[in-house]
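Biologist: I'm new to this one and would like a close look at a single part, the nonpolar core and what surrounds it. Could you walk me through that slowly?

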Amino acid sequence: MSRVQGRSRRVRQARRAVGVLTTLAVLGMWEAAGRSGSVMFLEPFSVAARGAWDLVSGPGLRQDVLPSATRTVAGFFVGSSLGVAAGLLLGHFRALDPWVRPVLEFLRAVPLPAVLPVAVLAFGPNSGTRVGLIALGAVWPVLLNTMDGARTVDAGFVDAARAAHVGRWRVVSRVIWPACLPQVFAGLRIALGISLIMMVISEMVASTSGLGFFVLQAQRAYAFQDMYAGVLVLGLLGGLFTLMFTAVEYHVLAWYEGQKGIGRG
């Protein structure tokens with residue numbers, strides 16, 4: 001191992017150690033604040049952790065955790081797929097921009113929580129409606145990042161492909177798509193967070209299952225241990241999704257790591 005690689009490894013280990021220590025410090029402050037009673041209705045971390053374990057090891061896993069996770073993943077994939085397809089199309093075929101830009105700007109400006117009651121009234125309080133709302137939240141960051149990435153591809157690459165008599169769609173799939181992948185993944189990372197937020201919001205309205213429903217019902221019943229347990233499970237679920245996404249991103253953008261400095265740390 002070279003000196004540079006050894007130093008990089010030590011830096012990554014130091015960052016991980018700082019992250020672990022920071023997390024432990026925050027959890028310690030949560031525990032102390034909960035036991036001191038200085039913050040009204042705040043349960044200690046240990047109590048919330050026991051409730052979270054009861055939630056994921058009991059019937060709540062099937063009734064609330066898994067439905068929420070499934071809706072989040074489904075909405076994320078639907079919204080991301082639509083965003084990538086539309087972003088590539090609008091980014092490469094710029095003549096379409098004047099026709100669709102006003103509609104896109106209007107739809108993007110509408111607050112997503114405001115769409116929720118309209119969607120529930122129009123389509124009913126079912127899982128399909130919630131997945132659709134999650135997809136609607138996920139589509140915009142992916143679409144805009146993909147569009148921007150497609151438009152900023154070096155024109156020399158496109159011209160070289162066309163000079164070699166490569167078809168238009170092969171130019172999109174073989175030249176533009178790989179070149180804009182870093183920006184696509186930046187949009188996907190934002191979309192993942194929005195998907196989790198929309199999952200919780202959608203389950204708090206006219207729902208009978210899911211973590212959003214579980215947390216809201218616990219708050220209404222003053223079952224604060226369950227409420228904090230649900231919040232803790234939501235955080236863990238988001239962390240798990242982020243770890244999985246990071247692993248996929250690192251694998252897909254391995255070629256980009258050396259060029260721009262993306263690393264495991």
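How many residues does the largest nonpolar core have, and which ones have the most contacts inside it?

Modeller: Before the core itself, a word on what we're looking at. This is a predicted model, so local features need pLDDT of at least 70 and side-chain atom pairs count only at pLDDT 80 or more, while totals for chains, interfaces and linings use all residues. Residues are numbered from 1 along each chain as its sequence is written, and side-chain values use heavy atoms, with hydrogens and water left out.

Now the core. The largest nonpolar core has 50 residues, and the ones with the most contacts inside it are Ile176, Leu188, Met199 and Leu211. Here a nonpolar core is a set of buried Ala, Val, Leu, Ile, Met, Phe, Trp, Tyr and Cys residues joined through side-chain atoms within 4.5 Å. Buried means under 20% relative accessible area, exposed means over 50%, and partly exposed is in between, using a 1.4 Å probe and protein chains only.

Where do those residues come from? Two or more each are given by helix H2 (45-57), helix H3 (60-92), helix H5 (112-123), helix H6 (127-151), H8, helix H9 (211-220) and H10. H8 supplies the largest share, 15 residues. There is also a second, separate core of six residues, including Leu90, Val139, Trp140 and Met147. In soluble globular proteins, nonpolar side chains tend to be buried together.

A little context helps here. The chain has 11 helices and zero strands. Helices (H or I, at least four residues) and strands (E, at least two) are DSSP runs, numbered from the N terminus. Of the chain's 265 residues, 38% count as buried.

Let's zoom in on Leu211. Setting aside residues up to four places away in sequence, Leu211 touches Leu55, Asp64, Val65, Ser68, Glu203, Val233, Leu234 and Leu237. Contact, by the way, means heavy atoms within 4.5 Å.

Follow that list to Leu237, which is found in helix H10. Leu237 counts as buried at 10% relative accessibility. Without its neighbours within four places in sequence, Leu237 is in contact with Ala69, Met199 and Leu211. Leu237 and Ser68 are 169 residues apart along the chain, yet their C-alpha atoms are separated by 9.5 Å. For the chain as a whole, residues 24 or more positions apart account for 73% of the contacts with a separation of 6 or more.

Next, H3, one of the helices that feed the core. H3 has 33 residues and reaches 47 Å from its first C-alpha to its last, close to the 48 Å expected at 1.5 Å a residue; that expected span is 1.5 Å times one less than the number of residues. H3 also bends by about 30° at Leu66, and a proline, Pro67, follows within four residues. The bend at a residue is the angle between axes fitted to the seven residues ending there and the seven starting there.

Then there are the aromatic rings. Rings of Phe, Tyr and Trp (its six-membered ring) pair if their centres lie within 6.5 Å; planes under 30 degrees apart count as stacked, over 60 as edge-to-face and the rest as tilted. By this rule the count comes to six aromatic pairs. Take Trp30 and Tyr228: their ring centres are 6.4 Å apart and their planes sit at 55°, so the pair is tilted. Trp30 lies in helix H1 (residues 3-36) and Tyr228 in helix H10 (residues 224-252), so this pair ties together parts that are 198 residues apart in sequence. Trp30 is partly exposed, with a relative accessible area of 21%, whereas Tyr228 is buried at 17%.

Phe185 and Phe245 form another tilted pair, 5.8 Å centre to centre with 50° between the planes. With Phe185 in helix H8 (residues 168-203) and Phe245 in helix H10, this pair links distant parts of the chain, 60 residues apart. Phe185 is buried, with a relative accessible area of 7%, and Phe245 counts as buried at 9%.

Phe185 also has company from Glu249, which is found in helix H10. Glu249 counts as buried at 14% relative accessibility. Leaving aside neighbours within four places in sequence, Glu249 is in contact with Phe185 and Arg189.

One last stop brings us back to the rings: ring pairs link Trp30, Phe45 and Tyr228 into a cluster.
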